[in-house]
Protein chains: 2
Amino acid sequence: MSEADGFSRCNNATLRRTARRLGRFYDDALAPSGLKGTQFGLLFQISVGADPAMGAIAEALIMDLSALGHTLKPLVRDGYVETFPDKDDRRVKRVRLTPSGQAKLDEAIKLWSVAQRQFEAMIGAEQAAKLRATLDEVAALKLELPAATPSS
Amino acid sequence: MSEADGFSRCNNATLRRTARRLGRFYDDALAPSGLKGTQFGLLFQISVGADPAMGAIAEALIMDLSALGHTLKPLVRDGYVETFPDKDDRRVKRVRLTPSGQAKLDEAIKLWSVAQRQFEAMIGAEQAAKLRATLDEVAALKLELPAATPSS
DNA sequence: TCGAATTAGTGGCATATGCCACTTTCGGCG
DNA sequence: CGCCGAAAGTGGCATATGCCACTAATTCGA
């Protein structure tokens with residue numbers, strides 16, 4: 001029963017499953033703003049940084065650099081963020097919100113608060129904080145597969 | 001300052017962030033099999049069901065039905081799963097593993113075990129079980145947004 | 001100072017997910 | 001019966017993510 005009933009033992013599967021569920025909830029809440037949960041998080045991350053470089057954002061969100069580039073496109077296209085090269089290192093591309101983007105973020109934060117409050121009312125703020133702490137702990141683990149082929 | 005420190009307060013963002021991290025870890029472990037973590041979970045879910053209908057799988061995985069359809073395609077294309085109409089209700093499409101799919105799943109389970117073991121060795125089996133329990137609890141919540149403002 | 005190694009991004013390709021608009025079947029109901 | 005509304009999937013469209021191969025800009029060592 002433990003394994004036979006749907007692989008409830010796989011930490012990864014369980015995590016993704018819940019992520020889909022919660023993702024839809026937050027997405028619904030943000031819908032009026034036209035932003036998805038991911039975009040909202042990305043805009044926020046940009047807003048709290050000091051014209052962060054793409055690499056810095058990717059690292060903070062534990063996201064692949066190229067994935068970040070892709071995800072950023074619609075936001076640039078819609079005029080919420082803009083990029084510019086770093087003064088000292090032309091390889092570096094920095095990102096910042098446009099006034100329009102800041103306004104959109106402010107708007108979205110109001111919507112986000114509703115979902116956040118609702119969620120914490122259901123599960124309890126304590127419990128939520130504990131869950132986030134555990135998740136952050138997991139995200140910080142230096143996971144490494146046992147060297148598959150030490151060959152040579 | 002509660003929000004200015006990187007939005008660590010957003011349950012959804014934290015969850016996705018960790019999902020990306022853990023997802024890559026499991027994906028790396030499964031790489032030799034050519035399967036992604038999601039496909040692995042899907043194959044497993046199919047294997048434990050009795051020729052489950054698409055709707056049943058989608059519900060079990062808390063996944064959108066159409067999303068499931070999309071995700072299933074590469075697996076059908078590669079000959080790991082096959083579908084057939086339900087005898088009594090032609091609207092229903094049932095899914096099952098092919099012998100090749102079962103073999104691939106068996107192969108993947110060995111790889112998965114390594115990642116699973118490794119992860120639990122790092123965070124502790126107890127802790128992992130507790131995390132999964134909490135995640136399942138969250139996934140089971142009947143989240144609902146406070147009736148949208150009829151505005152005006 | 002020049003070329004190898006490294007770093008930061010980009011583009012292409014493939015899967016992951018969702019929503020919406022349809023189409024096909026069913027299950028009632030008058 | 002025959003029509004309507006519900007149920008189960010499909011296809012199209014758009015974003016989310018990753019990996020790989022490549023390019024451009026820097027850094028470093030001989």
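## A buried position in chain B

Ala13(B) is a buried residue, with 24 other C-beta atoms within 10 Å of its own. The cut-off for burial is 20 or more such atoms, so the count places Ala13(B) in the buried class. This residue belongs to helix H1 of chain B. Ala13(B) and Leu97(B) are separated by 84 residues in sequence, and their C-alpha atoms are 34 Å apart in space. The structure described in this report is a predicted model.

## The fold of chain A

The secondary structure of chain A consists of six helices and two strands. Read from the N terminus, these elements follow the order α-α-α-α-β-β-α-α.

The radius of gyration of chain A is 19 Å, whereas a compact globule of 152 residues would have one near 15 Å. Along its principal axes, the C-alpha trace of chain A spans about 55 × 55 × 25 Å. Of the 152 residues in chain A, 30% count as buried. Contacts within the chain may also be sorted by separation in sequence: among those joining residues at least 6 apart, 48% link residues at least 24 apart.

## Helix H1 of chain A

How many residues of H1(A) are buried? The helix is mostly covered, with 14 of its 20 residues buried.

The length of H1(A) can be checked by a short calculation. At 1.5 Å a residue, the 20 residues of this helix should span 28 Å. The C-alpha atoms at the two ends of H1(A) are 28 Å apart, and therefore the expected span and the model agree.

## Two loop residues with positive phi

Asp51(A) is not a glycine, yet its phi is positive, at about 45 degrees. Asp51(A) is located in the loop between H2 and H3 of chain A. Is this residue buried, exposed or partly exposed, and what count decides it? Asp51(A) is partly exposed because 13 other C-beta atoms lie within 10 Å, and the partly exposed class falls between the limit of 12 or fewer for exposed residues and that of 20 or more for buried ones.

Ile62(A) likewise is not a glycine and has a positive phi, of about 50 degrees. Its place is the loop between H3 and H4 of chain A. Ile62(A) has 16 C-beta neighbours inside 10 Å and so counts as partly exposed.

## The contact between chains A and B

In the interface between the two protein chains, 52 residues of chain A are in contact with 51 residues of chain B. On the side of chain A that touches chain B, four helices of chain A each supply at least two residues: H1 (11–30), H2 (37–48), H5 (99–123) and H6 (125–140). H1(A) gives the most to this side, with 17 residues. By class, the side of chain A that touches chain B has 30 nonpolar, 14 polar and eight charged residues.

## How the two copies are related

In general, two copies of a chain are related by a rotation about an axis and a shift along it. Here, chain A is superposed on chain B by a rotation of 180 degrees with 0.0 Å of shift along the axis, at an RMSD of 0.0 Å. The two copies are therefore related as by a two-fold rotation axis. The same surface serves both copies, as 98% of the contact residues of chain A recur in chain B.

## The surface near DNA strand C

DNA strand C is surrounded by 25 residues, of which the closest are Arg20(A), Gly55(A), Ala67(B), His70(B) and Arg90(B). From chain A, H1, H3 (54–60) and H4 (65–77) each supply at least two residues of the surface near this strand, as do H2 (37–48) and H4 (65–77) of chain B. Which helix gives the most to the surface near DNA strand C? H4(B) does, with five residues. By class, this surface has seven nonpolar, eight polar and 10 charged residues.

## The surface near DNA strand D

Around DNA strand D there are 25 residues, and Ala67(A), His70(A), Arg20(B), Gly55(B) and Ser66(B) come nearest. H2 and H4 of chain A each supply at least two residues of the surface near this strand, as do H1 (11–30), H3 (54–60) and H4 of chain B. H4(A) gives the most to the surface near DNA strand D, with five residues. By class, the surface near DNA strand D comprises seven nonpolar, eight polar and 10 charged residues.

Methods
Residues numbered from 1 in each chain as written. Chains lettered and ligands numbered in written order. Predicted model: local features only at pLDDT ≥ 70, side-chain atom pairs only at ≥ 80, totals over all residues. Contact = placed C-beta atoms within 7 Å. Nonpolar A, V, L, I, M, F, W, Y, C, P; charged D, E, K, R; others polar. Near = placed C-beta within 6 Å. Least-squares fit on C-alpha atoms with pLDDT ≥ 70 in both. Rg over C-alpha atoms; globule rule 2.2 N^0.38 Å. Expected span 1.5 Å × (residues − 1).
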